[in-house]
Each structure stands twice: as C-alpha cells, then as structure tokens.
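Biologist: Could you take me through one part of this protein closely, the helix that carries a nonpolar surface patch? Please start with how the elements are ordered along the chain, so that I can place the helix.

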Amino acid sequence: MDSEYTAKRTEHQLKAGDGLVSMVAQIPHTAVEGTTRFTSADFQISGDGHSCRCTNGVTSQRVYHDVRSEGVTFRFFGGDCRGCQFWEACRGPTSKPTSQRSVYLSPYHAHLREAAAFNATATGKGLLGRRWQVEPTIAWLVRYNGCRQARRVGLAAAQCQLFQACAIRNLQLWFKRQERGTASQLDGCGGAGAPEVQRAA
C-alpha cells in the first residue's frame, strides 16, 4: 500500500459504540525527505474549511479547491508573513520576500492531526507499542486470506467476510500447533490457549 492510501486509512477515528473501533497507527511523514521545512502538519484548518492558520498565528482565507483530490490549497502572500520568525523554517532561506507559500491540505487533514495528537498521549504511545502483537495477523489476513478488499457491499457483509477469514486463520494456526504437538483442548473455546486471531478479532 502506498503512503497516500495508508494515510487515508489510518486517519479515521471511528466512534466506539457504533460497532466500530479506533485505529491506532503511525501517521505518515509528509515532509520532503532530508528537509526541516514546515509541512501541512504545521497548519490548522478551521471547522468550516474556509480559513487556515499557520504556526505563527497568521490566517489565510485564500482557498482553492482541488476537484480531483477533494483537498484544498491555501496561499499565504509574502506581505502576510513579512517579519515572521519562522520565515526560513516555513519558506526556506532562498525564498523571495514577495513569494507565496502554498499549503495543500487533504480531506483527511483534521483526522490526521487528531490521530497525531492521540498518538502523543501516554495511551496512544502504549497502544502503538503493542501493534507488533496484531500486525503479523492482520498482514496474513490481508495477504493470504482475502481481506484486502471487501467482496460485498455493506458493513454487515464485510464483517461476515472478516469472520470467515479469521476462522480460516484460526484453523491454520491450530493445525500448525497440532503438528508441533502444542495444540490445547482449550483452543477455539475462548480459553487461554485460544488462537491469536480469535483474540485480535
């Protein structure tokens, strides 16, 4: 999966209580490799999407909508930022005093910033530290058990497909344990020896 797809998937903070869960994952880095310039993560968009505020508190309402990506681009003129202490960090040392600073914000910008803030908390750091316990299982389900793409429309159908894939993975793990002689009578019964997917799912 490319970084754009990953960003679109990991930024969603789904409400608990609706039968869904919050996804906790690393937020893709948006800076140009090898630079220290400000990125879109250093800007905040208003709730109505009509204005954008920079790190220094300057606000721009010059917004341009991108029909293809559904994102928006804000422009800050040189006059807006003259004398700013973050000029070089934001625009670069060779930027002309009259140049514009364009900031592209994806439709998922607010979600990504919310997720990044959560990741910085003690709870978020703890959950990120335990991702290694479930990532191999998720990778297996996606790569070998057909969970990369839903085959039917609707959440109920997608959930049924996931349950079927998890059942298959549980059986695969159980057969492997039988081969090693480590299968338990509790496997598949919700006990301490239950397969990994049953717990992860």
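Modeller: From the N terminus on, the elements run α-β-β-β-β-β-α-α-β-α-α-α-α-α. That gives eight helices and six strands, in a model that is predicted. Of the 201 residues, 26% count as buried. The accessible surface comes to about 13,800 Å², and carbon and sulfur atoms hold 54% of that area.

Now to your helix, α7, which covers residues 155–180. Its 26 residues reach 37 Å from the first C-alpha to the last, close to the 38 Å expected at 1.5 Å a residue. Just after α7 comes Gly 181, with a positive phi near 75°.

Which residues of α7 are buried? They are Gln 161, Ala 165, Cys 166, Arg 169, Asn 170, Leu 173 and Arg 177. The list holds polar names such as Gln 161 and Asn 170 beside Ala 165 and Leu 173. As a reminder on spacing, an α-helix has 3.6 residues a turn, so residues three or four places apart point the same way.

The patch itself is made by Ile 168, Leu 171 and Phe 175, and its nonpolar surface amounts to about 280 Å². Leu 171 belongs to α7, and because its relative accessibility is 44%, Leu 171 counts as partly exposed. Patch members need over 30% relative accessible area, a cut-off that Leu 171 passes at 44%.

For some context elsewhere in the fold, three strands form an open antiparallel sheet in the order β1-β2-β3. Here β1 (44–45) and β3 (59–60) are the edge strands with a single partner each, so each has one side without a neighbour in the sheet. Two bridges join β1 to β2 (residues 52–53) in the antiparallel sense, and Gln 44 stands opposite Arg 53.

Another spot worth a glance is Phe 77, in the loop between β5 (72–76) and α2 (78–81). With a relative accessible area of 33%, Phe 77 is partly exposed. Leaving aside residues up to four places away in sequence, Phe 77 touches Arg 62, Arg 91, Ser 99 and Gln 100. One of these, Arg 62, is 15 residues from Phe 77 in sequence and 9.5 Å away in space, C-alpha to C-alpha. Across the protein, 45% of the contacts between residues at least 6 apart in sequence join residues at least 24 apart.

Note on methods. Residues numbered from 1 in each chain as written. Predicted model: local features only at pLDDT ≥ 70, side-chain atom pairs only at ≥ 80, totals over all residues. Heavy atoms only, no water. Pairing = 2+ DSSP bridges. Helix = DSSP H or I, 4+ residues; strand = E, 2+ residues; numbered from the N terminus. Patch = residues over 30% accessible without salt bridge, like charges linked within 9 Å, V, L, I, M, F, W, Y side chains within 5 Å. Areas by Shrake-Rupley, 256 points an atom, 1.4 Å probe, with all protein chains shown as cover. Salt bridge = Lys/Arg side-chain N within 4 Å of Asp/Glu carboxyl O. Buried < 20%, exposed > 50% of the residue type's maximum accessible area, 1.4 Å probe, protein only. Expected span 1.5 Å × (residues − 1). Contact = heavy atoms within 4.5 Å.
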